Every structure is written in structure tokens, then in C-alpha cells.
Amino acid sequence: MAPRAMHRAFSTSAWWRNATPVIESRSPDASGATSRLPSLARMHPAVWASLRAQVPSAIAALGARLHLFSHSLSPEDRERRTRLVQMACTHPSLLSVQQTASGLPLSASERQEVPELHEQVEHNAQLATLGNNLLGLLAAEHFHLKYPHLPTRVLKAFISAYVGPSTLADVGAELGVLAQGVQRWDRTGSTTVTRALHKGAKTVTAPLLSKDVAAQSMRALVAVLFQELGMAATRGFVHSQFLSRRLDLASLLKFRDPKRVLSTTCKKYGKPAPQSRLLAETGRLSINPVFVVGVYSGAAKLGEGTGSSIRMAEFRAAEQALRRLYLAEMPDGSFVLPSTTLDSTLAGQGPMPHSLRLAADRTMAPVFVPQPLGRSEVLHESRG
């Protein structure tokens, strides 16, 4: 009897009787939910989703991840940086959406329900241009000094790989630029962008995607960091978020005739002409022969390659020798970045956060020492 009594007392308790109205109050009411939305949201949901204002909490969270908001900020500085982050996360395609929405058949009262139809849109086009130049500057000086023998065309490929649109979109997604309530852009699919194919020979027109929006926002946010925190903080952020990533750089070096390029390179540096020597072989008369060829410049061995034929092994040996030359790294700390000379001049409008200061200190030096200019590069039959 005791368990039954407990069950009856539990089922007839006051909170159990009051549970049903609470659940019913939380259940979505179709008529009540749609009555709180403007008519534009019900008739044109894609336009409404594009025009909706950003969520302040989402903007504050993104700014905190970028070290723009600190407890010591004054209310005026916080408001200014909040507006800059909002501008950096507003794509220029929003103007076309606003123009499209203004031509929709809406009454005056329905237009008053959407204040975004009448706002002055501040987009990130100018900030993205400045941020793109900063990213190219910081990446170019780093790779130019770290890989002193790198050809210019391969250097451009390095810069595109580290601070190009795909990497910018990936880093932006990790930092939350695509989080709900952050971006404002054309979600209707009417805006198109021009993209280059793999070899850059042709271009195609494609719809605007979220990764394009994230890449442009990251460029604009780098410009905001530069404006608010200065050159040193921006360089520390770029090095920690972009240039510290690992990438197979050897795959970016491709040669049509590596033997000829290697011969020209040895002549350029005053070294003996390269010679190929067969180091080992097995199964010459079988169906799967293997040859090992080494390329020497005098007594120095430049590279080694294997293949199913002597010609293939010689090709790979010359290719490896060129990669070893072009990818020869200078150790970190052995060179001084030229942008460090701008740290005192472009110091920003506020103190540098401690986390960014640690990253910036690794790229700074007490005295700037210019590096010697290299010789003219070899571009014959080479491509990046």
C-alpha cells in the first residue's frame, strides 16, 4: 500500500497539475508567431533574412574573439568598435537587397514595420580592400625573408595559399564570422561573383556563397584590427591565425623541364654543371624495374630520385634538387620583418591586448637590419 500511496500523492501534487499549462504555453502558436513578424517576412523570407539587423550579443562575442573588446574600454570606444565590427560583417550585396525590397508592393504601414528598408547601409568594401593589402604585405615579407631563393611566381602562390579566399573563409568560420546573427548579405541568390578557374585562364560567374562573405569579412576585420590596435597587433594576429598553418609547399613547385632549370641555376650561382649518376637499379629486365639516380654538382649531391626508367628517375632527382634549393628556410629569429619599423608610427587607438602582444613579440626585433637583395631569379621553364 505504501508504494501506491506514494504514487497517488506524486501524481496529484500541485506542480504536476500545473505542468500541462506550462508546456502548452511554450508550444508554438502559429497564429501568434506569425502575427509578430512583419509582412515582408511572411511574403519574402529570403529578403527579410538578408535585411535583418545583426544581433548585438553575436557581434560582441565576435569582437571579443578578435581581442577588440576588453574590460578597460570606455563606453565610447566600445560603441565605436562595435560599429566597426558590424560594418566589417555587412557585405556590399546588402545594397541590392535593399533596392529590391524597396520595389516590392508594400503598403506604408508594412514598410514602417521594417526599419532596415530606410537605414543607411555601411558595408565593408573599403575595409576589405585595406585588409587585403595588409594581408598581402605581411605574408609577402614573411615568405620573402624565410625562403630567400623563392621565385616570384611561387611566392605569389604561397601568399594565395596562406591568405587567399579559401584560407580566409576557413579561418573566418573558425572565429565565428558565419555564426547566426553576425552576417548581413544577399541570401536571395541574385548576387553573382566572378571566380577564376584553377589555372586562371578563364573566369566563370557564380552565385555569391557564404564562404565569399566570410573571406571578405575577414579582410575587413583585419583592417579593423589595424585601425584600432596598430600594426604590431595586426601582424601578430596574421602570423598566429594564418602564417602558422602547415601546408605542403613542395606541391606548389612544378617544373616542365627541371634538368634545364637546374643547369641554368647552377650556372647562375657559379657552380659546376649538374651531372646525373645511376646509383642503384633492380629488375632492369623485369616488368617492374626500379632505378635510383642522383644529381651532382661537382662532388656535392643536389638531389636523388627513383623511377621505373632512368629518364623518370633523372627528372625526379632534378626536381628534388630544385625544391631543396627553393624551399631552403631561414630559421625564425634570423631575419627582421620590415613592417616592424611601422610599429611605433602606426600604434593604433588603444592598448594592445596581452594575448596579441605575445604573438607580436615573436615577430619584433630591437633593431631593424635590412636583408641583402638577392640575385635575379631563374624563371626559364618554371611555373608556380
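**Exercise 1. Overall make-up**

How many helices and strands does the secondary structure of the protein chain come to?

*Solution.* The model is a predicted one, and its protein chain comes to 18 helices and 7 strands. Turning next to burial, we find that buried residues make up 40% of the 384 residues in the chain. As for contacts with a separation of 6 or more, 68% of them are accounted for by residues 24 or more positions apart.

**Exercise 2. The sheet and the helix across it**

Work out the strand order of the open sheet that contains E4, E5 and E6, and say which strands lie at its edges.

*Solution.* Begin with the pairings: strand E5 (residues 290-297) is joined to strand E6 (residues 300-307) by 7 bridges, and the two run antiparallel. E4 and E5 are likewise antiparallel, joined by 7 bridges. The order of this open sheet of 3 strands is therefore E4-E5-E6, and the edge strands are E4 (275-282) and E6, each of which pairs on one side only. On average, neighbouring strands of the sheet are turned by 20° against each other, direction ignored.

Valine 295 lets you follow the pairing residue by residue, since its bridge partner in E6 is glycine 303, while valine 295 is itself the partner in E5 of serine 276. In the hairpin of E5 and E6, which has 2 residues between the strands, glycine 298 takes a positive phi near 70°. Finally, helix H17 (residues 310-326) lies across E4, E5 and E6, and it runs at about 135° to E6.

**Exercise 3. A positive phi outside glycine**

Locate histidine 67 and decide whether it is buried, partly exposed or exposed.

*Solution.* Histidine 67 lies in the loop between helix H7 (56-65) and helix H8 (75-88). Its phi is near 65°, which is a positive value in a residue other than glycine. For the second part, the relative accessible area of histidine 67 is 26%; because the partly exposed class runs between 20% and 50%, histidine 67 counts as partly exposed.

**Exercise 4. Helix H15 and the nonpolar cores**

Explain why helix H15 is described as largely enclosed, and then find where the largest nonpolar core lies.

*Solution.* Of the 13 residues of H15 (residues 231-243), 11 are buried, so the helix is largely enclosed by the rest of the structure. Among these buried residues are Met231, Arg235, His239, Phe237 and Phe242. Phe237 and Phe242 appear again in the largest nonpolar core, which has 62 residues and in which they, together with Met218, are the residues with the most contacts. The largest share of this core, 11 residues, is supplied by helix H14 (residues 210-229). Since domain 1 (39-144 + 164-225) and domain 2 (260-327) both give residues to the core, it lies between them. There is also a second, separate core of 13 residues, which includes Ala41, Leu94, Ala101 and Val121.

**Exercise 5. Cysteines and disulfides**

Establish how many disulfides the structure contains, and classify cysteine 89 and cysteine 266 by burial.

*Solution.* A disulfide is a covalent bond between the sulfur atoms of two cysteines. The search of the whole structure finds 0 disulfides. For the classification, the cut-off for buried is a relative accessible area under 20%. Cysteine 89 counts as buried because its relative accessibility is 0%, and cysteine 266, with a relative accessible area of 6%, is buried as well.

Note on methods. Residues numbered from 1 in each chain as written. Predicted model: local features only at pLDDT ≥ 70, side-chain atom pairs only at ≥ 80, totals over all residues. Heavy atoms only, no water. Disulfide = S-S within 2.5 Å. Buried < 20%, exposed > 50% of the residue type's maximum accessible area, 1.4 Å probe, protein only. Helix = DSSP H or I, 4+ residues; strand = E, 2+ residues; numbered from the N terminus. Pairing = 2+ DSSP bridges. Core = buried A, V, L, I, M, F, W, Y, C linked by side-chain atoms within 4.5 Å. Domains from an automatic or database assignment. Axes fitted to C-alpha atoms, helices over the stretch in contact; angles between N-to-C directions. Contact = heavy atoms within 4.5 Å.
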